[in-house]
Structures are given as C-alpha cells and as structure tokens.
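Reader: I've got a model open in my viewer and I'd like a close look at one part of it, the packing on the inside. Could you walk me through that, with the cut-offs spelled out as you go?

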Amino acid sequence: MAVTDPIADYLTRLRNAMRASHRVVDIPASGVKKELTKILFEKGYILSYKFEDIGHQGNIKIALKYDKMTKSSAIKDLQRISKPGLRKYRGADDLPRVLNGLGIAILSTSKGVMSDKEARLQKVGGEVLCYVY
C-alpha cells in the first residue's frame, strides 16, 4: 500500500500504540523514520529501538516508554507540522520553541534530521517536521 505521507503514518502508528498501551510497535523503515527514531531515543521519549532489515524495506521495532506509577506514556502528544500540501520552513533565527522548551521540534535541515536545539547550536534552519512533547 502506498502511503502519501510516511512521516504522518509513522507518528500515527506511535500515537495509536501509546493510546492502546502497547509495549512495542512495528513501523516500516525509511531513512527519515530511522533518524526520527534516533532523535526520540536520544531525547528520552522512547525506551529502545531496533532496526530489522527484513525483506526489501525493513522494519523499525520501537519499545515505548511509560511512567511506572501513573502508567502514562512519556510522549504526551505528537503533531505533524509540515505536510505534503503545505510545507513549513523556518530560518535559523526563527526556530520554534515547543512548550517553552519542554518539548522538541524535529527539523529536516541541509545537515540532516535534528532537533530544534541542535539546529540552534549549528545555526541552521529547515523544514519543521513535527512537534513532540
């Protein structure tokens, strides 16, 4: 099945798995999805991940992170910002701050996919893919 917006599909699969309290979610792999997964792991939003090269495309297995006491997910919300019908770009001086710095914005820049904080340090702008908090 052809997906017109693979990043929105990735975020929706994560969101649905969290709402259903699944421990692990399988997502078809791509280069951008792998980079998104690495960023989510580095920032502490997911427990772990594993790239499986099965077949032509491969899969990403993501172990979701939950609070032990309240059983709530570490990710409160995922929002797709730039869409295929309306791309959203920001310059290095105009990068968004998600929840006053409590969340992250993930950007696709000329230097690769990175969080808003890394983009500020490298003084580079790009396409705002999503907000995570």
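Author: Let's start with charge, then head inwards. The protein chain carries 24 positive and 14 negative side chains, and the centres of those two sets are 4 Å apart. In that count Lys and Arg are positive and Asp and Glu negative, with His and the chain ends not counted; each charge is placed at NZ of Lys, CZ of Arg, CG of Asp or CD of Glu.

Some ground rules before the core. This is a predicted model, in which local features need pLDDT of at least 70 and side-chain atom pairs count only at pLDDT 80 or more, while totals for chains, interfaces and linings use all residues. Residues are numbered from 1 along each chain as its sequence is written, and side-chain values use heavy atoms, with hydrogens and water left out.

Now the fold that holds the core. You'll find 3 helices and 8 strands in the protein chain, where helices are DSSP runs of H or I with at least four residues, strands are runs of E with at least two, and both are numbered from the N terminus. In sequence order the pattern reads α-β-α-β-β-β-β-β-β-α-β. The radius of gyration is 15 Å, close to the 14 Å from the globule rule for 133 residues, so the chain is as compact as a globular protein of that length. That radius is taken over C-alpha atoms, and the rule is 2.2 Å times the number of residues to the power 0.38. Along the principal axes, the C-alpha atoms fill a box of roughly 40 × 40 × 25 Å.

Of the 133 residues, 41% are buried; buried means under 20% relative accessible area, exposed means over 50%, and partly exposed is in between, using a 1.4 Å probe and protein chains only. Counting contacts (heavy atoms within 4.5 Å) at a separation of 6 or more, 59% join residues 24 or more positions apart.

Here's the part you asked about. The largest nonpolar core has 26 residues, and Leu14, Ile62, Leu64, Ile106 and Val132 have the most contacts inside it. A core here is a set of buried Ala, Val, Leu, Ile, Met, Phe, Trp, Tyr and Cys residues joined through side-chain atoms within 4.5 Å. At least two residues of this core come from each of helix H1 (6–19), strand S1 (24–28), helix H2 (31–42), strand S3 (59–64), strand S6 (104–109) and strand S8 (126–132). H1 gives the largest share, 6 residues. Zoom in on Leu14: leaving aside neighbours within four places in sequence, its contacts are Val25, Ile27, Leu40, Ile62, Leu64 and Leu78. Apart from this core lies another one of 10 residues, including Leu95, Ala119, Val124 and Tyr131.

Two buried polar residues deserve a click as well. Thr37 sits in helix H2 and is buried, with a relative accessible area of 0%. Beyond four places in sequence, Thr37 is in contact with Tyr10, Ile46, Tyr49, Phe51, Ile60 and Ile62. Asp116 belongs to helix H3 (residues 116–122), and it too is buried, at a relative accessible area of 2%. Setting aside residues up to four places away, Asp116 touches Leu95, Pro96, Arg97, Ile104, Ala105 and Leu107. Asp116 and Phe51 are 65 residues apart in sequence, with 24 Å between their C-alpha atoms.

For contrast, look at some residues that aren't buried. Lys71, in the loop between S3 and strand S4 (78–80), is exposed with a relative accessible area of 61%. Its phi is near 60 degrees, a positive value in a residue other than glycine. Leu99 has a positive phi too, near 50 degrees; this residue lies in the loop between strand S5 (89–90) and S6 and is partly exposed at 48% relative accessible area. Gly91 is also in the loop between S5 and S6, and counts as partly exposed at 38% relative accessibility. The C-alpha atoms of Gly91 and Lys123 are separated by 8.8 Å, though the two residues are 32 apart along the chain. Finally, Ala2, in the segment before H1, counts as exposed at 74% relative accessibility.
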